[in-house]
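This report walks a new reader through one protein chain, beginning with a single residue and then widening to the chain as a whole. Please keep the sequence and the structure in view while reading.

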Amino acid sequence: MERATVDTIGIKALSRDEIRELVTEELGLPKFRANQIIQWIYGKGVSSYDEMTNLPAALRAQLTKDYPLIAPVIRKRQVSSDGTRKYLIAFADGSTVEAVGIPSKNRLTVCISTHAGCPMRCDFCATGKSGYVRSLGVGEIVDQVRVVGNDFGTRVSSVVLMGQGEPFLNYDAVLEAMRIIN
C-alpha cells in the first residue's frame, strides 16, 4: 500500500502482513507487538489506540500520530418495512460507500462494497455512472461488516460482496478482508 493511502485512511489501509512489516521493519519492534495490534483492531474492534492497554504508551502515541486508527461513520441509514437497513458509510478521507443489512429469522446478511464508486462504469449501473473514487483498504472492507452488525446488535452470519465496485479489481484487499472476517 502506498504511503499516501496510509496517510489518508490510516492503518486500516494495510493488510495483516503489512502491519507486521511496519511494526518489525519500520518501527523495529518484535512481531508479537504487531499481532497485539492486529488482535485489537480486528479481534476486539477498538476505535482508538488508547484502548490497546497491553501496548506501551509511547507506541500508542506514535501509532496515533503516524498511522491513525479511524472508525467509519454512518452518514445515512434507511430502514425498510421488512427491517432491511441501507447505510451510507463515510471513511477517513470522506469517501463513502453503501452497505446493506438484511435480517431474516436468526440470521443477518450484510452486503458490502469493495470500492468507493466503481471503475467499471457500466451504462446500466447508477454507481458506475457516478464515478470512481478509489479501492477500499482491508480494514475499510472489514469495518462495513462491523458497523452493520453493531447497528443491528447481532452477529453477522453472511457477507455478500455486492455493493459498490467489482471485488476482483481489489482482489488482494478483498481476500485479506474475507480471511479476517472468517
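Which residues does Gln 144 touch, not counting residues up to four places away in sequence?

## Gln 144 and its contacts

The model discussed here is predicted. In it, Gln 144 touches Ile 89, Phe 91, Val 97, Glu 98, Ala 99, Ile 112, Ser 113 and Leu 136, when residues up to four places away in sequence are left aside. Gln 144 itself is part of helix α6, which covers residues 138-152.

Is Gln 144 buried or exposed? Its relative accessibility is 0%, and because buried means under 20% relative accessible area, Gln 144 counts as buried.

## The chain as a whole

Seven helices and seven strands make up the secondary structure of the chain, and along the sequence they are arranged in the pattern α-α-α-α-β-β-β-β-β-α-β-α-β-α. The radius of gyration of the chain is 17 Å, close to the 16 Å that the globule rule gives for 182 residues, so the chain is as compact as a globular protein of that length. Taken along the principal axes, the box filled by the C-alpha atoms is roughly 50 × 35 × 25 Å.

Of the 182 residues, 44% count as buried, while the accessible surface of the chain comes to about 9,600 Å², with 49% of that surface belonging to carbon and sulfur atoms. Among the contacts with a separation of 6 or more, 51% are accounted for by residues 24 or more positions apart. The chain carries 22 positive and 20 negative charges, and the mean positions of these two sets are 8 Å apart.

## His 115, a buried residue in a strand

His 115 belongs to strand β5, which runs over residues 115-117, and with a relative accessible area of 0% it is buried. Which side chains make polar contacts with the side chain of His 115? One such contact, of 2.9 Å, joins His 115 to the side chain of Thr 114, and another, of 3.4 Å, links His 115 with the side chain of Ser 135.

Leaving out residues up to four places away in sequence, His 115 touches a set of residues that includes Val 97, Tyr 132, Arg 134, Ser 135 and Leu 136, and also Gln 164, Gly 165, Glu 166, Leu 169 and Asn 170. Val 97 and Leu 136 also appear among the residues that Gln 144 touches.

## Residues with more accessible area

Lys 105 sits in the loop between β3 (96-104) and β4 (107-111), where its phi is near 50°, a positive value in a residue other than glycine. With a relative accessible area of 88%, Lys 105 is exposed. Lys 65, by contrast, is placed in helix α4, residues 57-66, and it too counts as exposed, at 67% relative accessibility.

Gly 43 is found in helix α3, which spans residues 31-43, and its relative accessible area of 48% makes it partly exposed.

## Distances across the chain

How many Å separate the C-alpha atoms of Gly 43 and Ile 181? The separation is 9.4 Å, although Gly 43 and Ile 181 are 138 residues apart along the chain. For another pair, Lys 65 and Asp 172, which are 107 residues apart in sequence, the distance in space from C-alpha to C-alpha is 27 Å.

Definitions and conventions. Residues numbered from 1 in each chain as written. Predicted model: local features only at pLDDT ≥ 70, side-chain atom pairs only at ≥ 80, totals over all residues. Heavy atoms only, no water. Helix = DSSP H or I, 4+ residues; strand = E, 2+ residues; numbered from the N terminus. Rg over C-alpha atoms; globule rule 2.2 N^0.38 Å. Buried < 20%, exposed > 50% of the residue type's maximum accessible area, 1.4 Å probe, protein only. Contact = heavy atoms within 4.5 Å. Areas by Shrake-Rupley, 256 points an atom, 1.4 Å probe, with all protein chains shown as cover. Lys, Arg positive; Asp, Glu negative; His and termini not counted. Charge placed at Lys NZ, Arg CZ, Asp CG, Glu CD. Polar contact = N/O pair within 3.5 Å; in protein donor to acceptor, adjacent residues only side chain to side chain.
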